[in-house]
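Thanks, everyone, I'll keep this short. Have the sequence and the structure open while I talk, and stop me whenever you like.

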Amino acid sequence: MDIKERIDNINWADISASMDNRGYALVKNVLTDVECNNLSALYTDEQLYRKTITMERYSYGLGEYKYFKYPLPGLVQQLRESFYPKLAPIANNWMQFLNKEQRFPATLNELLQHCHDHDQLRPTPLILQYQKGGYNAMHQDLYGEVFFPMQLVFMLDEPGVDYEGGEFILIEQKPRAQSRAMVLKPAKGDMLLFTTSYRPAKGSKGYHRVSMKHGVAEISAGKRRSLGVIFHDAK
Ligand SMILES: O=C(O)CCC(=O)C(=O)O
Ligand SMILES: [Fe+2]
């Protein structure tokens with residue numbers, strides 16, 4: 001099955017409910033082992049990237065990541081382009097729950113046009129790599145005033161086999177309340193869809209806004225690589 005068909009076959013009603021209730025959704029086996037290995041192999045092909053970040057230099061954590069250049073590698077482009085139209089309706093419901101007038105366009109090209117009109121021209125999909133002791137500090141991937149409220153991360157290595165530790169962490173901050181942490185351990189080939197910045201949460205008096213951050217706990221052994229797909233471009 002090609003990637004587009006696999007994405008069409010995902011149970012979107014379940015994902016939509018999970019995004020509304022929890023702000024994230026775990027989707028098993030989106031990528032095959034071979035696709036994961038092919039993506040990992042791109043990591044050392046320097047001409048594919050516009051920028052390499054050494055995370056400790058900026059206190060972002062300990063590890064390294066690289067932002068792809070345009071044109072993106074075929075599979076990365078397909079993932080970004082094919083997931084976006086499934087997510088735009090969920091994002092638009094969120095805007096409605098939060099009484100915001102903003103609506104997201106139906107296609108990735110239109111979203112990117114909107115980014116480009118706001119001087120956000122640089123691609124944001126990236127590959128991250130952490131070794132023993134590595135981690136990713138809690139953060140949000142915002143790169144300008146235009147942002148899409150959800151993003152994807154694909155696990156390219158197998159926990160318990162290729163690395164230990166390295167759990168994916170989400171922290172939800174409700175207004176005037178304490179924070180809640182969610183700890184996830186997706187397998188190789190699994191995808192996590194999660195909230196980039198904030199989402200509506202249902203309370204006793206209708207919807208309110210909760211803010212979310214994500215990060216990665218310390219890798220205690222081995223090497224952990226992941227592919228991040230962010231939909232908006234960067235300034
Ligand atoms: O490595 C991870 O699982 C998280 C990467 C991340 O921060 C991202 O994809 O935005
Ligand atoms: Fe991130």
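Let me start with a question: over residues 117-234, what percentage of the chain is helix, and what percentage is strand? The answer is 1% helix and 55% strand. The C-alpha atoms at the two ends of that stretch are 12 Å apart. I picked those limits because UniProt, in an unreviewed entry, lists residues 117-234 as "domain: Fe2OG dioxygenase". And before anyone asks, yes, this is a predicted model.

Okay, the overall picture. The protein has 5 helices and 14 strands. Along the principal axes, its C-alpha atoms fill a box of roughly 50 × 40 × 40 Å. The radius of gyration is 17 Å, and a compact globule of 235 residues would be near 18 Å, so the two agree. Buried residues account for 34% of the 235.

Now to the ligand. Which residues surround ligand 1? Going along the chain, they are L128, N136, D141, V153, F168, H214, V216, S226 and G228. By class, that shell has 4 nonpolar, 4 polar and 1 charged residues. Two strands to look at here are β13, residues 206-216, and β14, residues 219-229, because each of them supplies at least two residues of the shell.

Let me stay with one member of the shell. L128, one of the residues around ligand 1, is in strand β5, residues 126-131. Is L128 buried or exposed? It has 22 other C-beta atoms within 10 Å, and the cut-off for buried is 20 or more, so L128 is buried. Its C-alpha atom is 6.6 Å from that of K66, although the two are 62 residues apart along the chain. K66 also turns up in another pair: its C-alpha atom is 9.8 Å from that of T44, 22 residues away along the chain. T44 is in the loop between α3 and β2, with β2 covering 49-54. T44 has 9 C-beta neighbours inside 10 Å, so it counts as exposed.

Next up, helix α4. This one runs over residues 74-97, which is 24 residues, and spans 35 Å from first C-alpha to last. That is close to the 34 Å expected at 1.5 Å a residue. Where does α4 bend? At Y84, by about 35°, and a proline, P85, follows within four residues. As for which residues of α4 are buried, we have V76, L79, F83, Y84, L87, A88, I90, A91 and W94. Remember the general rule when you look at that list: an α-helix has 3.6 residues a turn, so residues three or four places apart point the same way.

Both sides of α4 have something to look at. On the way in, the loop between β4, residues 64-68, and α4 holds P71. The peptide bond from Y70 to P71 is cis, with omega near -10°. On the way out, just after α4, N99 takes a positive phi of about 55°, and N99 is a residue other than glycine. N99 sits in the loop between α4 and α5, the latter being 108-117. With 9 other C-beta atoms within 10 Å, N99 falls under the limit of 12 or fewer, so it is exposed.

There's another asparagine to show you. N29 also has a positive phi, about 50°, and again it is not a glycine. You'll find N29 in the loop between β1, residues 24-27, and α3, residues 33-41. Why does N29 count as exposed? Because it has 12 C-beta neighbours inside 10 Å, and exposed means 12 or fewer.

Last, two serines. S18 is in helix α2, residues 12-22, and it counts as partly exposed because it has 17 C-beta neighbours inside 10 Å. The C-alpha atoms of S18 and M150 are separated by 13 Å, with their positions 132 residues apart along the chain. S197 is in the loop between β11, residues 191-195, and β12, residues 198-203. It has 16 other C-beta atoms within 10 Å, so S197 is partly exposed too. Its C-alpha atom is 5.8 Å from that of S211, which is 14 residues away in sequence.

That's what I had, so over to you.

Conventions:
Residues are numbered from 1 along each chain as its sequence is written. Chains are lettered from A and ligands numbered from 1 in the order in which they are written. This is a predicted model: local features need pLDDT of at least 70, side-chain atom pairs count only at pLDDT 80 or more; totals for chains, interfaces and linings use all residues. A residue is near a molecule or strand if its C-beta atom, placed from the backbone, lies within 6 Å of it. Ala, Val, Leu, Ile, Met, Phe, Trp, Tyr, Cys and Pro count as nonpolar, Asp, Glu, Lys and Arg as charged, and the others, Gly among them, as polar. The expected span of a helix is 1.5 Å times one less than its number of residues. The bend at a residue is the angle between axes fitted to the seven residues ending there and the seven starting there. The radius of gyration is taken over C-alpha atoms; the globule rule is 2.2 Å times the number of residues to the power 0.38.
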